[in-house]
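The following account leads through the fold by way of selected residues and the packing around them. Please keep the sequence and the structure in view while reading.

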Amino acid sequence: MGLLDGLLGHGSAVDAASLERRLEGILIEGETARLAFKIIRDVFVFTERRVILINVQGVTGSKVEFLSVPYRAIVRFSVETAGTFDLDAELKIWVSGTPQPIERTLKKGTDVRGIQRALAEGVLR
C-alpha cells in the first residue's frame with residue numbers, strides 16, 4: 001500500500017538527516033532541516049527559517065525545483081487531521097501575494113502535530 005499511497009499523493013514522514021546531501025548548497029550556514037515529509041518524489045522540508053518545497057520533475061527526475069518560502073511570507077496555514085472515514089490529513093499554506101494556497105495531502109499517521117508546531121514556531125516567532 002505504500003507505493004499506492006505515494007501514487008495518490010499522500011505524504012509520508014522523511015528522516016530530515018537523510019536530506020543533508022540533497023540540501024547541500026541550499027541551506028545557509030546554521031540552518032538545519034528540522035522536519036520533512038515526502039509525497040511520491042517531492043519533499044517538504046521545514047527549517048528554522050523557511051519551508052523548502054522540492055519538486056522533482058520529468059521521467060528521469062534530473063530536473064528539480066527548489067521553492068523556498070520564508071516563514072515571514074506565510075500569512076496563514078491550516079492542518080486538518082485524518083478522521084474515521086476520511087483517512088487523509090491536509091496541509092494548506094497561504095503565501096502573501098498569492099490567492100491560492102499551497103496544498104498537500106498527508107497520509108494517516110503523518111506527524112500532523114509536528115507539522116503544525118513547525119509552522120507555528122516559524123510563523124509566530
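The side chains of Glu31 and Thr47 are joined by a polar contact of 2.6 Å. The structure in which this pair is found is a predicted model. Glu31 belongs to the loop that runs between helix 2 (20-23) and strand 2. Although it lies in a loop, Glu31 has a relative accessibility of 5% and therefore counts as buried, the limit for that class being under 20%. Apart from residues up to four places away in sequence, Glu31 touches Thr47, Glu48, Arg49 and Arg50.

Arg50 can be taken next, as it is one of the residues touched by Glu31. Arg50 is placed in strand 4, which covers residues 50-57. Its relative accessible area is 15%, so Arg50 is also buried. The side chain of Arg50 has a polar partner in the side chain of Ser68, at 3.0 Å. When residues up to four places away are not counted, the residues that Arg50 touches are Ile26, Leu27, Ile28, Glu31, Val45, Ser68, Val69, Pro70 and Tyr71.

Strand 4 also holds Asn55. With 26% relative accessibility, Asn55 counts as partly exposed, because that class lies between the limits of 20% and 50%. Asn55 is in contact with Asp42, Lys63, Val64 and Glu65, its neighbours within four places in sequence being left aside. Between the C-alpha atoms of Asn55 and Leu67 there are 7.9 Å, and the two residues are 12 residues apart along the chain.

The wider plan of the chain may now be considered. Its secondary structure consists of three helices and eight strands, arranged along the sequence in the pattern α-β-α-β-β-β-β-β-β-β-α. The chain has 125 residues, of which 37% are buried. Among contacts with a separation of 6 or more, 36% are accounted for by residues 24 or more positions apart.

Which residues have the most contacts inside the largest nonpolar core? They are Phe44, Phe46, Leu91 and Leu119, in a core of 21 residues. Two or more residues of this core come from each of strand 2 (33-39), strand 3 (42-47), strand 4, strand 7 (88-95), strand 8 (102-107) and helix 3 (112-124). Phe46 illustrates the packing: beyond its neighbours within four places in sequence, its contacts include Leu35, Phe37, Val51, Tyr71, Leu91, Ile115, Ala118 and Leu119. A second core, separate from this one, has eight residues, among them Leu19, Ala36, Ile52 and Ile54.

Val43, a residue of strand 3, is in contact with Leu19, Ala36, Ile52 and Ile54, and also with Arg22, Phe37, Lys38 and Leu53, when neighbours within four places in sequence are left aside. Its relative accessible area is 4%, so Val43 is buried. Val43 and Val14 are separated by 29 residues in sequence, while their C-alpha atoms are 8.3 Å apart in space.

Helix 3 brings residues of its own to the largest core. The buried residues of this helix are Val112, Gly114, Ile115, Ala118, Leu119, Ala120 and Gly122. They pack against strand 2, strand 3, strand 4, strand 6 (74-80), strand 7 and strand 8. How far apart are the end C-alpha atoms of helix 3? They are 18 Å apart, which agrees with the 18 Å that its 13 residues should span at 1.5 Å a residue.

Two features of the aromatic side chains complete the account. The charged end of Arg76 sits over the ring of Trp94, at 4.2 Å from the centre of that ring. A search of the whole structure for aromatic pairs finds one.

Notes. Residues numbered from 1 in each chain as written. Predicted model: local features only at pLDDT ≥ 70, side-chain atom pairs only at ≥ 80, totals over all residues. Heavy atoms only, no water. Helix = DSSP H or I, 4+ residues; strand = E, 2+ residues; numbered from the N terminus. Buried < 20%, exposed > 50% of the residue type's maximum accessible area, 1.4 Å probe, protein only. Polar contact = N/O pair within 3.5 Å; in protein donor to acceptor, adjacent residues only side chain to side chain. Contact = heavy atoms within 4.5 Å. Core = buried A, V, L, I, M, F, W, Y, C linked by side-chain atoms within 4.5 Å. Expected span 1.5 Å × (residues − 1). Phe/Tyr/Trp six-rings, centres within 6.5 Å; stacked < 30°, edge-to-face > 60°. Lys NZ or Arg CZ within 6 Å of the ring centre and 35° of its normal.
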